[in-house]
Amino acid sequence: MPNSSVTTTYEYGFHDEVKPIFALPKGLSTRTVEEISSIKGEPQWMLKNRLRALEIFEAKALPTWGADLSDIDFANICYYLKPSDKQASTWDEVPIKIRKTFEKLGIPQAEVEFLSGVGAQYDSEAVYHNLKDEWKKLGVVFLDMDSALRQYPDLVKQYFGTVVPISDNKFASLNTAVWSGGSFVYVPRGVQVTIPLQAYFRLNAQNMGQFERTLIIAEEGSFVTYVEGCTAPVYAVDSLHCAVVEIIAKPYSRVRYTTMQNWSNDVYNLVTKRALAYEGATVEWVDGNFGSKVTMKYPCVVLMEPGSRADVLSLAVAGAGQHQDAGAKALHLAPNTTSNIISKSVSHHGGRTSYRGMLKVAPQARGIKSKVKCDALLLDPDSRSDTYPTMKVDASDAQVEHEATVSKVGEEQLFYLRSRGLTENEAVSLIVSGFIEPIAKELPLEYAVELNRLINLEMDGSVG
Amino acid sequence: MNHLLEIKNLHVTVEQKEVVQGVYLSLAPGEVDALMGPNGSGKSSLASALMGHPAYAITSGQVFMGGQDITSWPAEKRASAGLFLAFQYPQAIPGLSVEHFLRSAYNAQAEARGEKPINVREFRTLIESELTALQLNPAFLERGVNDGFSGGEKKRLEILQLAILKPKFAILDETDSGLDIDALKIVAEGVNRLVATYSLATLVITHYQRLLHYLKPTHVHIMAQGKIMESGGPELVDKVEAAGYQPFMNHA
């Protein structure tokens with residue numbers, strides 16, 4: 001057993017036998033970065049970018065705020081691994097072992113139901129892509145990032161690193177240095193992509209870092225929903241997931257980005273997600289964090305121009321040995337902008353959740369509205385929840401609301417449900433499911449179903 | 001095997017205080033018994049202990065249901081075996097829809113009894129006729145359990161659960177409190193219908209006579225100071241109405 005906690009039986013903790021065709025040796029150096037870039041046959045500017053990022057990564061100290069990251073052993077992580085020789089464009093072309101892994105996760109089923117464009121990342125390489133013909137006709141681009149760099153080099157060069165700069169934070173620098181895979185989405189002016197674009201991916205090689213890079217550009221008046229979900233096998237050695245997501249929402253566009261992450265209990269999940277919202281644009285982050293050893297993730301929207309809007313729904317569930325440090329950031333730089341942040345966290349078996357939020361209102365941002373609501377639910381006395389809201393409001397007429405609640409599952413609530421024939425575990429699951437319902441209802445159906453399964457699994461033996 | 005709920009010399013302690021001090025009661029199918037008494041007489045404590053509330057310790061005595069000793073059973077096992085408590089203060093579970101809650105409870109009991117679970121569609125059919133009877137709108141099913149409910153809505157949800165779960169024995173703990181006369185009638189009609197259609201046995205806890213005008217008890221028990229002071233027929237209700245509880249109190 002990888003560890004002795006009650007929740008080690010990880011539903012998706014299987015590990016199949018796909019042999020990576022190519023893997024770099026563990027550890028990080030200029031050489032590693034050069035090799036990654038060379039294998040991918042990248043343009044010179046990207047290599048330079050990577051090398052500069054590596055320097056910055058090495059120069060920056062680990063953050064001293066937030067969760068404890070001191071156990072990450074950067075030398076013991078594999079920074080590049082390529083599982084399959086070429087990109088497959090239909091499901092049948094995907095290697096059978098890999099297909100089986102996806103089948104265990106229920107992908108084809110979801111595909112049959114309503115996945116129309118799947119960008120599935122297997123280890124650090126996307127192996128499967130399928131984009132509906134009509135979107136192609138509309139000019140929508142949905143590719144893995146490596147292919148996008150080859151096929152749309154100018155577009156990538158124009159926007160890459162403009163939302164999350166190379167030196168933004170230590171882990172954004174690391175991602176920029178060694179990134180592989182991730183998605184690239186481009187939606188032309190006025191195009192409404194009504195069916196969500198979905199990327200399903202998972203870590204697979206022991207000690208494997210996952211450094212995907214995602215860039216979404218929504219042109220004026222367009223609409224797109226992007227959905228990603230991850231499950232990972234359980235390993236005893238610490239793993240690192242360090243992603244960057246950049247979104248550019250041009251005037252009057254709307255972008256929704258939904259994530260449901262369920263990392264195994266040994267993963268450091270350190271992700272930088274940021275969006276720029278221009279005039280009248282709306283950006284929505286729906287962010288669900290399960291599993292991992294440590295998560296630090298604060299989806300951010302920079303409200304650049306008047307009338308833009310940010311909606312963030314954040315969910316974190318922490319069990320034994322886990323620390324979920326999650327939250328949201330809204331930066332109001334322009335007048336009449338709106339932000340709405342709802343955070344829900346559940347701590348059980350001594351797990352720890354923290355809400356860390358930042359609200360900034362610039363002096364010129366008149367008439368803004370911001371509402372932050374964070375609710376924490378504690379399932380036992382050993383569990384912990386903290387709230388660290390930072391507010392810097394420099395506009396006198398800002399309407400700012402902040403509300404935080406911490407509740408415990410009460411004996412009377414449990415007795416009420418048990419008196420109806422539900423066991424204590426069932427009762428706890430129902431209470432937790434109810435608590436997170438405002439977020440679950442925003443998820444696509446199959447994610448909502450998976451969320452419920454995870455809740456039932458996680459809550460097993462929660463109170464006692 | 002008998003079909004009774006039998007309470008034998010029950011003693012209940014909560015927070016080191018003995019709140020039930022040797023109660024005997026017996027309830028048969030189709031019977032409506034009223035348990036009356038002043039505030040603090042131990043009625044609600046008795047109800048909680050019967051349902052298996054962990055904070056209400058049964059220190060001596062026994063409870064039998066259909067001949068089985070259920071004294072040490074957990075609440076969920078009692079429920080699946082056919083015991084139901086309509087709460088005086090039903091708990092709110094925000095975000096848990098009434099429908100999901102009811103179906104989960106229904107299926108948990110079915111599973112415990114080795115029956116097959118009901119699917120969403122069958123359950124809808126089952127619940128819709130009950131909604132009509134209790135004059136509840138189908139939109140009620142989408143709301144969070146008791147979350148922001150009025151007093152009347154809470155009590156009607158209790159009766160809806162009773163009608164769906166179809167227990168053998170129901171304890172109604174001050175179901176009349178906080179109800180206006182119209183809601184009271186709806187609730188009483190709901191209970192009467194279950195008694196008439198499948199011989200539900202009911203123990204009605206109240207300290208008012210109001211509800212008993214509609215529920216027509218077969219037996220009436222007066223409880224005070226943790227004990228049953230007197231048992232009799234419906235005429236006891238009139239006695240209480242005329243003279244209050246004072247004549248039943250132990251003035252030792």
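This is a guided tour of a predicted model, with suggestions on what to select at each stop.

**Stop 1: confidence along chain A**

Begin by colouring chain A by pLDDT. The mean pLDDT of chain A is 82, and 78% of the residues in this chain reach 70 or more. Next, select residues 84-88 of chain A, where the pLDDT is below 50; the model gives this stretch 14 contacts beyond near neighbours in sequence. Then select residues 201-209 of chain A, over which the pLDDT is also below 50. Beyond near neighbours in sequence, residues 201-209 have 39 contacts in the model.

**Stop 2: a covered helix in chain A**

Select helix 8 of chain A, which spans residues 170-178. How many of its 9 residues are buried? The count is 8, and the helix is described as mostly covered. The buried residues are Phe171(A), Ala172(A), Ser173(A), Leu174(A), Asn175(A), Thr176(A), Ala177(A) and Val178(A). To see what they pack against, add helix 1 (30-40) and helix 2 (44-59) of chain A to the selection. Strand 8 (213-218), strand 11 (244-249) and strand 13 of chain A also pack against these buried residues.

**Stop 3: strand 16 and its partners**

Strand 13 of chain A leads on to the next selection. This strand covers residues 267-277 and is joined to strand 16 of chain A by 4 bridges, the two running parallel. Within this pairing, Leu276(A) has Val302(A) in strand 16 as its bridge partner.

Now select strand 16 of chain A, residues 300-303, and show the side chains. Which residues point one way, and which the other way? Cys300(A) and Val302(A) point one way, while Val301(A) and Leu303(A) point the other way; all are buried.

Add strand 18 of chain A, residues 323-332, which pairs with strand 16 in the parallel sense over 4 bridges. Here Cys300(A) stands opposite Lys329(A) of strand 18. In general, the strands of a sheet pair through backbone hydrogen bonds, and the pairing is either parallel or antiparallel.

**Stop 4: where chain A meets chain B**

Display both chains together. In the model, 19 residues of chain A are in contact with 26 residues of chain B. On the chain A side, the elements that give two or more residues are helix 9 (411-418), helix 10 (424-435) and helix 11 (437-440). Coloured by class, this side of chain A shows 7 nonpolar, 6 polar and 6 charged residues.

**Stop 5: an open sheet in chain B**

Move to chain B and select its open sheet of 6 strands, whose order is 6-9-10-3-11-12 with mixed pairing. Which are the edge strands? They are strand 6 (83-86) and strand 12 (227-232) of chain B, each of which pairs on one side only. On average, neighbouring strands of this sheet are turned by 20° against each other, direction ignored.

Within the sheet, select strand 3 (residues 32-36) and strand 11 (residues 219-224) of chain B, which run parallel and are joined by 4 bridges. Asp33(B) stands opposite His219(B) in strand 11. Next, add helix 5 of chain B, residues 151-165. Helix 5 lies across strand 6 and strand 9 (169-173) of chain B, and runs at about 165° to strand 6.

**Stop 6: Val23(B)**

Finally, select Val23(B), found in strand 2 (residues 17-27) of chain B. Why does Val23(B) count as buried? It counts as buried because it has 24 C-beta neighbours inside 10 Å, where 20 or more are required. Leaving aside neighbours within four places in sequence, Val23(B) is in contact with Ile7(B), Leu10(B), Leu46(B), Lys227(B) and Ile228(B). Select Gly226(B) as well: Val23(B) and Gly226(B) are 203 residues apart in sequence, yet 7.6 Å apart in space, C-alpha to C-alpha.

Conventions: Residues are numbered from 1 along each chain as its sequence is written. Chains are lettered from A and ligands numbered from 1 in the order in which they are written. This is a predicted model: local features need pLDDT of at least 70, side-chain atom pairs count only at pLDDT 80 or more; totals for chains, interfaces and linings use all residues. pLDDT is the predictor's confidence in each residue, from 0 to 100. Two residues are in contact if their C-beta atoms, placed from the backbone, lie within 7 Å. A residue is buried if 20 or more other C-beta atoms lie within 10 Å of its own, exposed if 12 or fewer, and partly exposed in between; C-beta atoms are placed from the backbone. Two strands pair if DSSP finds at least two bridges between them. Ala, Val, Leu, Ile, Met, Phe, Trp, Tyr, Cys and Pro count as nonpolar, Asp, Glu, Lys and Arg as charged, and the others, Gly among them, as polar. Axes are lines fitted to C-alpha atoms, for helices over the stretch in contact, and angles run from 0 to 180 degrees between N-to-C directions.
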